[in-house]
Amino acid sequence: MASGSTVGLSCSVVFTTHTQYPLPSQKFMIPTSWKRFHLSQLINKALSLTKPIPFDFLVKGDLLRTSLGDWCAENDFSEEETLEIEYIESIMPPQKMSDIPHEDWVSSVSCKLAGYFLTASYDGYIRGFDYSQKLTFSALAHAAPITSLCVIPTHGHEDELSYTIATSSHDLTAQITRLSLSSESEPKSETQTLAKLHLHTAPVSSIAADPSGNHLLTSSWDTLIGLWDTTVPLTDEVPEAPINDREKKKRRKLNGGTNDSAEKAKRKAPTMVLKSHTARVSRVVFGNSGSENTAYSCGFDSTVRVWDVESGVCTHTITSSEKPFLDIALNADGHTALAASTDRTVTLYDVRQGSFSTSGTTSSGSLLHAAMPSCLATGSTPHQVFSGAYDGVVRLWDLRSLKSAVTSFKAWEGRKKVLSIDWMRGMVGVGGEGGLEVWKAIEDLHS
Amino acid sequence: MALNSKKRKQNDHEELPPSFDEAVNMEMLSDEEGGVDIESDNGDLDDFPELDPDSDENDDEEYESEDEEEEESDSEQLHIFPKVKTVVSDITGQEKRVYPEIEPDYDSDSSTEDTPNRVGDIPMHWYDDLPHVGYDMDGKRILKPARGDELDRFLETVEDPTSWTSAFDKTAQADKPLTAEELDLIRRLYANEVPDAEYDPYEPTTEWFTGKGKKEVMPLSAAPEPKRRWVPSKWEHKKVMKIVRAIRQGRILPNKTKVTSTPQFYSIWGESSSSHAPPLPAPKPPLPTNSESYNPPEEYLPTEEEKKQWEETDPEDRERDYLPEKYSALRLVPGYGRFIKDRFNRQLDLYMAPRVQRVKLNIDPNSLIPKLPSPNSLKPFPTYKSLQVPHASMARCISVSPDGAWVVSGDETGVIALWEVNVGKAVKKWKFNGKIGTVEWCPRADVSYFVVGTEDMLHFIIPPNLPPTVLQLSQSILAPSTLPPVPETPSPVKWSTPSSTVWTDDTAILTIQLPSSSGLPVQIAWHRRGDYLASVSTGGSQGAVWIHQISRRHSQAPFKKVRGKVQLVLFHPIKPCFFVAASFFLTQQYVRMYNLSEQKLLKTLQPGIKWISSMDVHPSGDHLIVGGYDRKLCWFDLELSDKPYKVLRYHTRAIRSLQFHPTYPLFASSSDDGAIQIFHSRIYNDLMTDPLIVPLKILRGHEVTKGLGVLQVKWCSRHPWLVSGGADGAVNVWCS
């Protein structure tokens with residue numbers, strides 16, 4: 001149906017919304033040739049907004065990209081019926097703010113610290129950048145590539161510029177590092193390794209801190225998940241591994257840079273080990289605030305597991321077939337878990353407690369990617385998710401419209417893999433093969 | 001004329017003398033009756049349409065009177081002919097019969113009888129509108145007789161008893177009653193009788209020359225009989241003597257069986273020969289179409305341009321050999337000028353075109369394709385390229401760690417890269433001098449190291465970031481603190497370990513120095529237990545194959561004397577068997593299977609491949625695939641035969657590498673055409689069921705450089721992921 005020929009046609013439409021701009025529920029007769037722009041103008045007129053707000057329109061879970069008539073023709077929707085259209089605030093296309101190249105691949109990005117971007121890199125360094133793209137600090141944390149980094153939230157900490165961060169690495173350990181950022185009084189940033197977490201016998205794939213900042217979770221290739229508290233022990237909890245003569249030299253060389261004696265990192269043992277996965281655990285995350293005792297993990301055994309952290313029991317397992325998962329993220333309301341797998345999909349699972357008994361373990365939808373999605377970032381709104389993929393494209397999805405991404409942007413020139421994204425305060429930090437890029441995206445409403 | 005002659009005859013009869021008449025009275029009566037009969041008959045035939053009313057009346061009267069007279073004698077037979085009157089002769093005084101006089105002139109023929117109307121035989125309706133019906137002899141008009149109206153006519157039919165036997169006379173334009181002869185004739189025709197009442201079909205024969213006293217005994221001629229009647233013929237005698245002489249001389253063989261020779265000319269289509277099918281009927285010429293009509297619809301008529309184009313093209317290039325033309329009527333169509341030409345072409349077509357009955361098998365080609373399950377039902381298998389790891393030059397060798405997490409890839413510049421399968425970030429790199437020939441992980445799960453083959457050397461490397469137990473075990477295996485006793489006979493292969501002070505992660509912990517000039521090791525095959533490994537090198541005379549034992553730090557050459565050149569070796573995954581693919585002089589290629597414990601040859605497989613490039617054995621150990629540079633892939637069922645169970649040729653260039661997936665029912669082959677093909681290969685435990693081989697996917701993504709495509713493919717052990725190294729320097733990971 002050509003839009004030109006349907007100038008005269010119109011269809012009846014009822015608008016609904018969950019935004020703070022509600023319209024009185026009434027039927028509108030709208031020409032089928034109208035597109036998003038016209039509808040947005042209509043809403044603005046009807047609300048008589050002083051400052052125009054662009055809106056996007058969801059028609060039956062489908063983001064309207066064509067004219068209404070074309071949509072009806074595509075979806076075999078008869079124009080006599082009343083169309084229910086939900087409108088949401090439009091998302092501005094992300095804009096690139098800065099590009100910070102790194103010497104090596106960036107495996108993890110954190111935007112959690114206000115005013116700073118923290119990156120962990122494959123050369124074992126943690127780097128911090130302020131918003132003016134200046135390198136504020138860099139510290140060699142691990143001798144092997146760092147796989148993951150998280151900032152441990154501190155509540156009521158006395159020092160504003162002192163933070164603790166946790167990193168996981170290929171060297172089979174994770175560690176807790178104190179980071180004192182530079183200020184007027186202390187011009188030089190300092191890092192101090194507080195504790196090394198010894199449990200895993202294979203590279204540690206991820207580390208996560210709970211919202212209260214008291215617990216850490218590490219996942220590893222050796223199918224284990226370690227639960228740790230964040231207190232730094234006074235003595236080594238794990239005995240030093242016997243070092244044969246071949247190792248000594250290497251160890252000496254490695255520790256040569258740091259003056260060990262006094263501030264030697266304590267070897268810390270886990271408080272609990274969560275065993276249930278049968279293959280590599282690729283990511284473990286804590287539940288959102290309010291359900292801190294729940295943890296979600298995904299692994300190469302094609303399962304998503306829900307853990308009760310207090311008892312260390314796997315309360316539920318969502319099994320799918322042949323979907324080795326790479327990353328898992330919870331959306332803001334904690335109802336949906338998104339898991340990225342190597343078959344180029346991000347699958348949505350309903351993880352509410354009540355839903356397991358009813359809906360079983362079926363997925364409630366999936367987001368199809370053009371390349372392997374490697375990382376996910378959820379923001380404070382429950383509908384929006386960023387996903388980064390190996391083709392270097394970061395896509396923004398609206399979970400109400402699963403068919404295609406709302407918007408996307410390409411980080412770096414060429415085909416460079418995105419390995420980590422973080423989304424805070426309207427900024428998306430994209431880390432990967434080309435270093436770090438920061439993009440301006442939707443304003444984070446909560447912060 | 002015949003009738004006339006007959007009449008004359010009758011007249012003759014009539015003129016016969018009365019005595020004779022009386023003598024043969026009876027006979028003559030019948031005769032005469034016949035004669036008269038004929039005459040009247042004659043008249044009947046001709047005169048039916050135009051009847052003389054006078055004679056008719058007379059006839060009728062006569063007829064009636066006759067009826068009265070001869071009712072009892074011959075009631076059926078009507079004597080309608082001129083009746084014989086018996087009168088008393090005034091001469092003899094006796095009764096005599098008197099016949100009515102017949103005038104022997106032309107008028108006696110009733111056809112020339114006088115009719116008052118002389119208009120002739122014309123359609124009488126010409127006179128319909130006129131008051132008269134014609135003209136008489138004098139040219140006077142004959143007026144139409146008064147004809148009553150329908151009512152009168154009806155009354156007539158009722159009143160007049162003869163009206164039903166009357167017929168309309170056209171010339172007289174009036175109803176005429178039929179004569180008795182005519183009625184009799186009609187009746188006879190109705191009754192299917194002979195119309196002539198007097199004709200007797202059963203009259204007795206008249207014997208003229210037979211019978212007693214009627215024989216001709218006297219000769220007709222008095223001439224004497226000629227001599228030839230009784231003298232034997234001289235010419236006959238000569239003729240007979242000629243035959244007799246011929247028989248004596250043997251020129252004529254009497255009683256000779258007649259040779260039935262095939263006639264020179266015979267009808268080839270007369271009878272169908274038994275061996276051939278009867279000749280096919282000639283194909284019919286196509287039926288004329290609408291455009292060939294003399295008055296085709298307008299849309300068939302060519303436009304001026306089409307006409308011009310038609311005229312300009314050569315006759316053989318024309319789409320059709322006529323131009324549609326329109327004529328308003330069929331009679332305006334001119335003669336067809338191309339008739340002869342068309343006939344000639346038709347004859348040529350029939351003559352030149354061989355008419356052969358082709359036995360066409362009506363087989364749906366799709367039905368010949370074996371029923372294979374849909375690839376979608378055989379998931380998972382690699383479908384897309386998830387990442388790419390670049391190398392500086394040809395990535396000739398790759399190996400995936402036994403746990404499927406790490407890949408080592410070596411290129412021709414001597415760089416070995418270790419990277420994660422999922423991320424593709426080279427965690428560590430090693431640099432060697434010269435090309436890397438091959439790289440292979442040790443299959444043991446409790447240790448972690450891999451072997452790199454460079455020129456004349458095998459390097460054992462421990463990857464970084466190992467858990468302490470694994471690291472220690474690996475080190476103790478590769479570099480034990482107490483070396484095993486050196487064998488008595490010095491081996492040409494040197495095992496060396498750098499001292500603990502020198503060794504770092506960046507160097508090999510163990511190096512095996514192969515004999516010099518043994519060349520680049522192109523293949524390393526591990527035994528499944530990880531204690532033995534076999535290496536195949538390019539150069540060297542017999543030193544191409546070595547089997548190394550790690551625990552004893554000892555190397556041995558399994559073959560004392562090798563005929564030909566060993567290309568590949570392989571350990572059997574279960575049994576203590578050893579496969580060797582070798583070649584003699586480019587012609588003979590074979591794969592031999594040895595039992596290592598008994599040290600004897602088990603079987604020789606004949607793949608029929610020109611040059612074996614790759615070989616892999618199925619994890620079950622019963623199936624072997626062999627790929628060749630001549631694009632063929634042979635699937636051997638080792639239990640079944642020495643010959644390939646199946647030979648597949650699907651790559652367009654030489655096959656470079658093959659591998660079975662260790663756990664999934666998959667195998668992959670790579671080729672110089674830059675493509676990797678993935679196959680589903682399900683092997684059933686049931687020996688009766690043949691292995692199922694289903695092509696699943698062609699993976700394209702490597703570029704062909706210098707004529708080389710994908711050099712090696714390796715599977716990840718726990719996932720259906722494939723790692724491929726190409727000549728374009730890229731190592732790709734293909735994920736499902």
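**Sheets, strand pairs and a chain contact**

In chain A, four strands build an open sheet, ordered β24-β25-β26-β27, and their pairing is antiparallel. The model is a predicted one. At the edges of this sheet stand β24 (325-330) and β27 (365-368) of chain A, each pairing on one side only. From one strand to the next, the twist averages 20 degrees.

Start at the β24 edge. β24(A) runs antiparallel to strand β25 (residues 336-341) of chain A, and 5 bridges join the two. One residue pair fixes the register for the eye: A:D327 has A:A340 in β25(A) as its bridge partner.

Now move to chain B. Here too is an open sheet of 4 strands, with the order β29-β30-β31-β32 and antiparallel pairing. Which strands of chain B stand at the edges? They are β29 (655-660) and β32 (692-700). Each has a single partner strand, so one side of each is left without a neighbour in the sheet. The twist in this sheet averages 20 degrees from one strand to the next.

Look next at the middle of that order. Strand β30 (residues 666-671) and strand β31 (residues 675-682) of chain B run antiparallel, joined by 5 bridges. B:F667 is a residue to find here: its bridge partner in β31(B) is B:F679. In a regular strand, side chains alternate between the two faces of the sheet.

Return to chain A, this time to strand β5 (residues 83-89). Strand β1 (residues 10-17) of chain A pairs with this β5 strand in the parallel sense, over 5 bridges. Within that pairing, A:T16 has A:E86 of β5(A) as its bridge partner. β5(A) also pairs with strand β3 (residues 55-59) of chain A. This second pairing is antiparallel and has 5 bridges. A:F57 stands opposite A:Y87 in β5(A). Thus β5(A) takes part in a parallel pairing with β1 and an antiparallel pairing with β3.

Finally, turn to where the chains meet. How many residues does each chain give to the contact? Chain A supplies 27 residues and chain B supplies 23 residues. Which element gives the largest share of the side of chain A that touches chain B? Helix α3 (residues 245-255) of chain A does, with 3 residues. By class, this side of chain A has 15 nonpolar residues, 8 charged and 4 polar.

Conventions. Residues numbered from 1 in each chain as written. Chains lettered and ligands numbered in written order. Predicted model: local features only at pLDDT ≥ 70, side-chain atom pairs only at ≥ 80, totals over all residues. Contact = placed C-beta atoms within 7 Å. Nonpolar A, V, L, I, M, F, W, Y, C, P; charged D, E, K, R; others polar. Pairing = 2+ DSSP bridges. Axes fitted to C-alpha atoms, helices over the stretch in contact; angles between N-to-C directions.
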